[in-house]
Structure formats: C-alpha cells, structure tokens
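Hi,

Here is the structure I promised to pass on. Could you have a look at it alongside my notes below, and tell me if anything reads oddly to you?

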Amino acid sequence: MFENFGQKIRTIRQHKGIGLNQLARQLKVSPAYLSNLETGKTKKIETSFLHSLEMELNILSAENDNMDTSEFSEFQYRINRVSSMLISLEKQNPTIANYLLQMVEQGVELFHNQPDLENNDLQKYH
C-alpha cells in the first residue's frame with residue numbers, strides 16, 4: 001500500500017519548497033526519521049503521523065486518492081494539485097478560474113494541432 005510513499009512525500013515537500021529539517025521540526029520528528037521515511041528505509045508509520053503529514057504538506061485527500069500507489073508521477077501529482085486548486089478558486093472567483101483553465105486548454109490545443117514543434121520553437125511561446 002505504501003510502495004513509493006516516501007518518494008511521493010519527498011517530491012511534494014520539495015515542490016512546495018520545504019526543507020527536510022524544517023518539515024521534521026514541524027512534524028516533531030527527527031530529520032533522520034523523515035529522511036528514512038522518504039528513502040523507504042522506514043516502513044512503520046503511525047496513523048496520527050500520516051494525518052500530521054497530510055496537514056503540514058496540505059495534501060488534499062482527492063490528491064491522494066488520484067495518486068497511483070504503485071508508480072508515482074510528479075507530473076500527475078502536479079496535475080491533480082492544480083485541478084484541486086482550480087476547483088477551490090472557482091468557488092471564490094469563477095472568472096479567474098475559468099480564465100486560467102481556458103489558457104491551459106488553449107496551450108495544450110496549440111501543441112496538439114502543431115505536433116512537429118521543436119523544443120526550440122517553445123521559446124517564442126514562453
């Protein structure tokens with residue numbers, strides 16, 4: 001069930017710009033324990049610690065449900081995270097949420113319609 005769990009935690013932590021020592025301090029565990037968890041050396045995890053980890057990293061349950069436990073993809077995690085953020089933003093400001101979603105859709109459609117674009121061509125869109 002927790003295969004690649006540590007890798008997921010490390011990727012999320014790094015993506016959010018949180019250092020190992022900082023997160024360990026916030027979770028009230030040793031940096032060594034957290035490092036061992038991230039590298040898969042520690043297999044035993046208390047339920048209360050999982051809850052604290054979820055709260056500290058602000059991992060939404062929907063994100064966890066959508067993550068395949070057998071193979072972790074940072075890209076898929078980011079897609080799920082942005083999706084959750086857009087859904088939340090849509091409740092607060094539907095106009096901005098729809099604008100951002102439309103920009104992503106148009107960008108993806110642009111590259112689907114021009115599959116022969118090279119990475120160098122990306123510079124003019126950046």
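**What I found**

I'll start with a loop: K28 sits between α2 (20-27) and α3 (31-39). Before you read on, please keep in mind that this is a predicted model. K28 has a phi near 60°, which is a positive value in a residue other than glycine. Is K28 buried or exposed? K28 is exposed, because its relative accessible area is 75%, and the cut-off for exposed is over 50%.

Two glycines also have positive phi values, each following a helix. G17 comes after α1 and has a phi near 75°. G40 comes just after α3, with a phi of about 85°.

**The overall picture**

The chain has 7 helices and 0 strands, so going along the sequence you read α-α-α-α-α-α-α. Of its 126 residues, 22% count as buried. The accessible surface comes to about 9100 Å², and carbon and sulfur atoms account for 50% of that. As for contacts with a separation of 6 or more, 52% are between residues 24 or more positions apart.

**The core**

In soluble globular proteins, nonpolar side chains tend to be buried together. Here, the largest nonpolar core has 13 residues, and the ones with the most contacts inside it are F5, L23, L37, F49, L53 and L57. Which helices supply at least two residues each to this core? They are α1 (5-15), α2, α3 and α4 (47-57).

F5 is a handy place to start if you want to look around in there. Setting aside neighbours within four places in sequence, F5 is in contact with L37, I45, L50 and L53. F5 is also among the buried residues of α1, which are F5, G6, K8, I9, T11, I12 and R13. Note that K8 and R13 are on that list; R13 comes back below.

For α3, the buried residues are L34, L37 and E38. Looking down the axis of α3, these residues fall within an arc of 95°, so they line one face of the helix. What do they pack against? The buried residues of α3 pack against α1, α2 and α4.

**The salt bridges**

This is the part I'd open up in your viewer. How many salt bridges does a search of the whole structure find? The search finds 2, and E38 takes part in both of the pairs described here.

One partner of E38 is R10, with the closest N and O atoms 2.9 Å apart. E38 lies in helix α3 and R10 in helix α1, so this pair ties together parts that are 28 residues apart in sequence. The other pair is E38 with R13, at 2.7 Å from N to O. That one links distant parts of the chain as well, again from helix α3 to helix α1, with the two positions 25 residues apart. Taken together, R10, R13 and E38 are linked in a network of salt bridges.

Burial is worth a look here too. E38 counts as buried because its relative accessibility is 5%, where the cut-off is under 20%. R13 is buried as well. R10, by contrast, is partly exposed, with a relative accessible area of 27%.

**Between α2 and α4**

E56 is in helix α4. With 35% relative accessibility, E56 counts as partly exposed. Leaving out residues up to four places away in sequence, E56 touches L23, Q26 and L27. For L27, the C-alpha to C-alpha distance from E56 is 7.5 Å, although the two are 29 residues apart in sequence.

**A nonpolar patch on the surface**

Finally, have a look at the far end of the list of helices. I96, Y99, L100 and M103 form a nonpolar patch on the surface, with about 340 Å² of accessible area together. Y99 is in helix α7 (residues 94-113). Why does Y99 count as partly exposed? Because its relative accessible area is 45%, which falls between the cut-offs of 20% and 50%.

If you have time for two spots, I'd go for the E38 network with R10 and R13, then the patch around Y99.

Cheers

Methods. Residues are numbered from 1 along each chain as its sequence is written. This is a predicted model: local features need pLDDT of at least 70, side-chain atom pairs count only at pLDDT 80 or more; totals for chains, interfaces and linings use all residues. Side-chain values use heavy atoms; hydrogens and water are left out. Helices (H or I, at least four residues) and strands (E, at least two) are DSSP runs, numbered from the N terminus. Buried means under 20% relative accessible area, exposed over 50%, partly exposed in between (1.4 Å probe, protein chains only). Patches are made of residues with over 30% relative accessible area and no salt bridge: like charges are joined within 9 Å, nonpolar side chains (Val, Leu, Ile, Met, Phe, Trp, Tyr) within 5 Å. Accessible areas come from the Shrake-Rupley method with a 1.4 Å probe; for residues, only the protein chains shown count as cover. A salt bridge is a side-chain nitrogen of Lys or Arg within 4 Å of a carboxyl oxygen of Asp or Glu. A nonpolar core is a set of buried Ala, Val, Leu, Ile, Met, Phe, Trp, Tyr and Cys residues joined through side-chain atoms within 4.5 Å. Contact means heavy atoms within 4.5 Å. The arc is that of the directions from the helix axis to the C-beta atoms.
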